[in-house]
Structure formats: structure tokens, C-alpha cells
Amino acid sequence: MSERTLVLVKPDGVQRGLIGQVLSRLEARGLKLIGLKLMQMDDALATQHYAEHTEKPFFPGLRAFITSGPLVAAAFEGEKVVQIVRNTMGATNPVDAAPGSIRADFGVDLGRNVIHGSDSPESGEREIALFFDDAELLSWSRDTEPWIRE
Ligand code: DAT
Ligand code: MG
């Protein structure tokens, strides 16, 4: 079953010039990109996107950070993409993230962990709808597909 996931290169990743390296890892792994944009979140979008966290003590800081500058939003599609992205990202806290994962290799702080990835296929659908219009999502067939998935 194909699923979709939302990836954000957060404002720390953009400020630090890591957009290409972060997306490159996902692209090189074999994930199929179906949507991509540079944008800035406002408070309303941050509150919707992080709906599960709005009552947490860290939310005001998280909202200030995620709206503080441009970010890159990307949508990927394919079997098990949610889990593949989560594993490629590493644990939420870069201190605990496995070496080789994006959060370990590019960060040291929970509040500056460079990348977001949806936590379930349902979250993927919900979050992609917040960031992309249908017309911004491309359905395309990749010529290299047989070399990436059996
Ligand atoms: P993830 O981004 O791995 O899905 P999450 O959904 O639990 O993690 O939290 C969203 C973001 O909020 C996370 O990437 C970093 C920040 N965050 C989470 N827990 C935090 C905490 N206890 N203190 C400060 N920031 C936190
Ligand atoms: Mg989460």
C-alpha cells in the first residue's frame, strides 16, 4: 500500500545551509518526491500542524522556532515511506539519535533537530493537506523504479 509523508527542513536547517544535504539523503535512499516548496509557517499553520502539542509546555518555543524563518516542505510517496523517513531522520532528540541518521549527523539539540517527518500514514495525509494544494502534488512515474523497488 502506497502512503505519503510530509518532510520539513526546519528553519534551523535552512539557516545552516542544509536543505540540499537533508533532501539528498532521502532522494539517494530511493524515496520519490511528489511536492516541494520554500515557505514560512505562520502561527495558525504551526498550531494546526502541531495540534497534538499545543498544550505542552514546550509549544510556545516550538511555535516561535518553526515560524522564525523559511522552511522547505516536501512530500514523498511510496510503500512504507513514513517509517523509512522516520528511521532516516533518527530519534526526536539528536542526543539519542543513531549515528548516521539525519538528526544525529546534523544536530545536537532537541529544539533544533533540523527535520520533521510525519509519524503515521494518517498524519502524512493530514499534514500534506495543510502544506500543499492538490495541484502542487505530482503523480509521476519514475524510470528508475525497477532499480529501486523489486
Ligand atoms: P518528532 O518531531 O520526532 O515527531 P514530536 O512530535 O514528539 O517529535 O515533537 C515535535 C517537535 O517538538 C520535536 O521535533 C522537537 C520538539 N519537542 C518535542 N518534545 C520536546 C520537549 N520535551 N522540549 C522541547 N521541544 C520538544
Ligand atoms: Mg511528531
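Ligand 1 is surrounded by K10, Y50, H53, F58, L62, R86, T92, R103, L110 and N113. This is a predicted model. Ligand 1 occupies the largest pocket, which has a volume of about 450 Å³.

**Shell around the ligand**

- By class, the shell of ligand 1 holds four nonpolar, three polar and three charged residues.
- Both R86 and R103 belong to the residues around ligand 1, as do F58 and L110.

**Polar contacts and cover**

- T92 has a polar side-chain atom 2.5 Å from an oxygen atom of ligand 1.
- For N113, a polar side-chain atom lies 2.9 Å from an oxygen atom of ligand 1.
- In the side chain of K10, an N or O atom is 3.0 Å from an oxygen atom of ligand 1.
- Of the 510 Å² of accessible area that ligand 1 has on its own, the protein covers 73%.

**Pocket lining**

- The lining of the largest pocket consists of 21 residues.
- Those nearest the centre of the largest pocket are K10, Y50, H53, L62 and T92, and these five names also appear among the residues around ligand 1.
- Sorted by class, the lining of the largest pocket comprises nine polar, seven charged and five nonpolar residues.

**Secondary structure in the lining**

- At least two lining residues of the largest pocket come from each of α4 (59-66) and β4 (115-117).
- The element that gives the most to this lining is α4, with three residues.

Conventions
Residues are numbered from 1 along each chain as its sequence is written. Chains are lettered from A and ligands numbered from 1 in the order in which they are written. This is a predicted model: local features need pLDDT of at least 70, side-chain atom pairs count only at pLDDT 80 or more; totals for chains, interfaces and linings use all residues. Side-chain values use heavy atoms; hydrogens and water are left out. A residue is near a molecule or strand if one of its heavy atoms lies within 4 Å of it. A polar contact is a pair of N or O atoms within 3.5 Å; within protein, one must be able to donate a hydrogen and the other to accept it, and residues adjacent in sequence count only if both atoms are side-chain atoms. Accessible areas come from the Shrake-Rupley method with a 1.4 Å probe; for residues, only the protein chains shown count as cover. On a 1 Å grid over the protein atoms alone, a cavity is a set of points where a 1.4 Å probe fits but cannot get out, and a pocket is an open set with protein on both sides within 12 Å along at least five of seven lines; lining residues have an atom within 4 Å of a point. A molecule sits in a cavity or pocket if more than half of its atoms lie within 2 Å of its grid points. Ala, Val, Leu, Ile, Met, Phe, Trp, Tyr, Cys and Pro count as nonpolar, Asp, Glu, Lys and Arg as charged, and the others, Gly among them, as polar. Grid points are joined across faces, edges and corners, and a volume is the space filled by probe spheres set on the points. Helices (H or I, at least four residues) and strands (E, at least two) are DSSP runs, numbered from the N terminus.
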